[in-house]
Each structure stands twice: as structure tokens, then as C-alpha cells.
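Visitor: Please show me the model, and then explain how each label attached to it is earned.

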Amino acid sequence: MKDAKVQVMGIDAGGTMTDTFFVKENGSFVVGKAQSNPEDESLAIYNSSQDALSHWKSDVSKVYPELVTCVYSGTAMLNRVVQRRGMEVGLICNKGFEQMHSMGRALQSYLGYALEERLHINTHKYDDPLIPLKRIRGVTERTDVKGQVVIPVRQEEVKVAVKELLEAGAKAIVICLLQSHKNAESERIVRDIALKEIEKLGKNIPVFASVDYYPQRKESHRMNTTILEAYAAEPSRQTLSKVSNRFKEHGAKFDLRVMATHGGTISWKAKELARTIVSGPIGGVIGSKLLGETLGYDNIACSDIG
């Protein structure tokens, strides 16, 4: 009887260990484990895969080509934010709003506190902002709440801002202007000027305009999410690119998918990769839900002890 093909691969890349799961079309599966490698996550996944497939007396060169899909979940992006080890990002915003990002949101200063600690402001604590004030520049522009441009963007100020951010060490630039979700014109002007100035100055760094990624209401939410895209998601994209390339080196034909915050999956090439920032924890919750339903439990609690 012909042996069943291996169709699905799952990856759980944690801070300490990297686990891989291979499932055949008949439902049988194996699990592999290897030491995580922050410097080269693709190598840890390869080693974990070899460990798993050794139980079937097989290897990646035989199995990768027949896989239909592979789903990745991990904590690297989240750890990058928690440990403040992301990309050095610069921010261009409206003049007068340079401190909006560093002010943060009230909720983040007491999230998880007991009631008595929430009531007293002297117990509240803010984490350091992802972008320090020295890498934030404001430019003159104003669009009103209806999307009408009241003050056109001062283009010379944008050129100066880009030059100063590059001199301050920015490896990426985020652009977020007030009400840009209502009218993207000004923000796109700033984006285009920034790209030209970066090229003129002989640099090659990415530019993230909020209207290109998350054109939604609520200014701080849109700004913070776009910052996350540059600060944490862009380095993770480079990591996932290496993972995908190693798969292809061994004959894989599938498109690597990443667990997203909403519980589904997206391609690692997706523009809005910050949607996968908690892919590791979400993967555990989805798996626990399925296991609970299979066992017939209505209420379950799950935890991840790393």
C-alpha cells in the first residue's frame, strides 16, 4: 500500500525552542524540536524538521516538496517590541503633535493592575516609546475632520525633516498626519518627497505612510500600528524571507503562511505584517479551542509556559 503523503507543516518558533509538526493526509503526525536560533530562525526550523521527520525515517528533501501548506507562528515580533530591540525608526507627523506618540494611551499605564492601583495615578507607569523624541519631526499641515485640506503641507519642511531623521540614525521612516484617513493627499505628498530625498541622499530605507497600511480613524491607534509595522514587522519580514528561501532550497512549492491576530493566516509577503504580532499566543488559543471542542468541553483555560 502506498504511503500517505505529508500535507501540512506547522511551526511554533519560541524564544527557547522551535517546534515543528508534520501531518499526513491520513491524519498521522510527528513532532520535532530544536534549540531556537534568533540569529537564523530558518536553521532552527530546519533542525526541528529533521528531528520530526526522523521518526518517519525521512528528511526535508523528501517531505518539503510534497507539502501543501505550512503555517508559522512565533514570538519573535512580540519579543522585539517587549525587549525594545526593533528597527531604529523615524517619525514625521503634524507640527505641534511631536509628543503624541511618547505620551501614549492612558490604558497602557495601568493595564493589568488591581483596582486600587488603577485608582491612584502615582502607581501608573509608561514604558519607553518605540521612537524617541530625537527621531520625531513635525511638519506644517492641517486637514480638518471632514477631509478638507486647510493648510497645505510645507514641502521644504518635509525635505529638512527627512535629512535630519537620516542624520539621527533612522533606518526607516513612518509618516502619520492628522485626518489622513479622510483625505490621503497630504500624507502621500510627504511620502513621495521622503522617497525622493532618501534617494537623493544616497540612502535606501523603507518609508511607511499610514494611509498605505492602516487608513482608519483614531489617530494614536493608526500611528502606533504603522510604527509597529516599521519597528517590529519589517525585521520579521526579513526573517520570514530567509525561512521561505530555505524551504525553496529543499524543493518546497508552498507559500509560507503566518498566523494572524484575527485567528486566520496571511502570507508572509502581506503588506500589513504587524497583524501577526501575537501569532504565537493566538496559535495556541486556536489550537486549545479546537482541542476543547473535540473533548466536549464548553469552557477551557489555556496557558503558555515558555
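The conversation below sets values against their definitions.

Guide: This is a predicted model, in which local features need pLDDT of at least 70 and side-chain atom pairs count only at pLDDT 80 or more, while totals for chains, interfaces and linings use all residues. Residues are numbered from 1 along each chain as its sequence is written, and side-chain values use heavy atoms, with hydrogens and water left out.

Visitor: What makes β1 and β4 a pair of strands?

Guide: Strands are DSSP runs of E with at least two residues, helices are runs of H or I with at least four, and both are numbered from the N terminus. Two strands pair if DSSP finds at least two bridges between them. Six bridges join β1 (residues 6–13) to β4 (residues 69–74), so the pairing criterion is met, and the two strands run parallel. One of the bridge partners can be named: Asp12 is matched with Ser73 in β4.

Visitor: How do you know that β4 also pairs with β11?

Guide: The strands β4 and β11 (residues 257–259) are joined by two bridges and run parallel, and because at least two bridges are required, they count as paired. Here Val71 stands opposite Arg257 in β11.

Visitor: Why is the contact between Lys159 and Glu156 called a salt bridge?

Guide: Side chains of opposite charge can pair when their charged atoms come close. The term requires a side-chain nitrogen of Lys or Arg within 4 Å of a carboxyl oxygen of Asp or Glu. The closest N and O atoms of Lys159 and Glu156 are 3.3 Å apart, so the pair satisfies that limit. Both residues lie in helix α6 (residues 155–167), three residues apart, which is about one turn of the helix. The search of the whole structure finds 16 salt bridges.

Visitor: Why is Lys159 called partly exposed, and why does Glu156 count as exposed?

Guide: Buried means under 20% relative accessible area, exposed means over 50%, and partly exposed lies in between, with a 1.4 Å probe and protein chains only. Lys159 has a relative accessible area of 30% and is therefore partly exposed, whereas Glu156, at 54%, is therefore exposed.

Visitor: What makes Glu234 buried, and which residue is its salt-bridge partner?

Guide: The relative accessible area of Glu234 is 16%, so the residue counts as buried. Its partner is Arg237, with the closest N and O atoms 3.5 Å apart, and both residues lie in helix α9 (residues 219–249), three residues apart. Arg237 is buried as well. The side chain of Arg237 also meets that of Glu229 in a salt bridge, at 3.8 Å from N to O, and Glu229 is likewise buried. Elsewhere, Asp40, Lys242 and Arg246 are linked in a network of salt bridges.

Visitor: How do you know that Glu41 has no salt bridge?

Guide: Glu41, which lies in helix α1 (residues 41–53), is buried, and the nearest side chain of opposite charge, that of Arg80, is 6.4 Å away. In this count Lys and Arg are positive and Asp and Glu negative, while His and the chain ends are not counted. The Glu41 side chain does make a polar contact with the side chain of Tyr72, at 2.3 Å; the term means a pair of N or O atoms within 3.5 Å, where within protein one must be able to donate a hydrogen and the other to accept it, and residues adjacent in sequence count only if both atoms are side-chain atoms.
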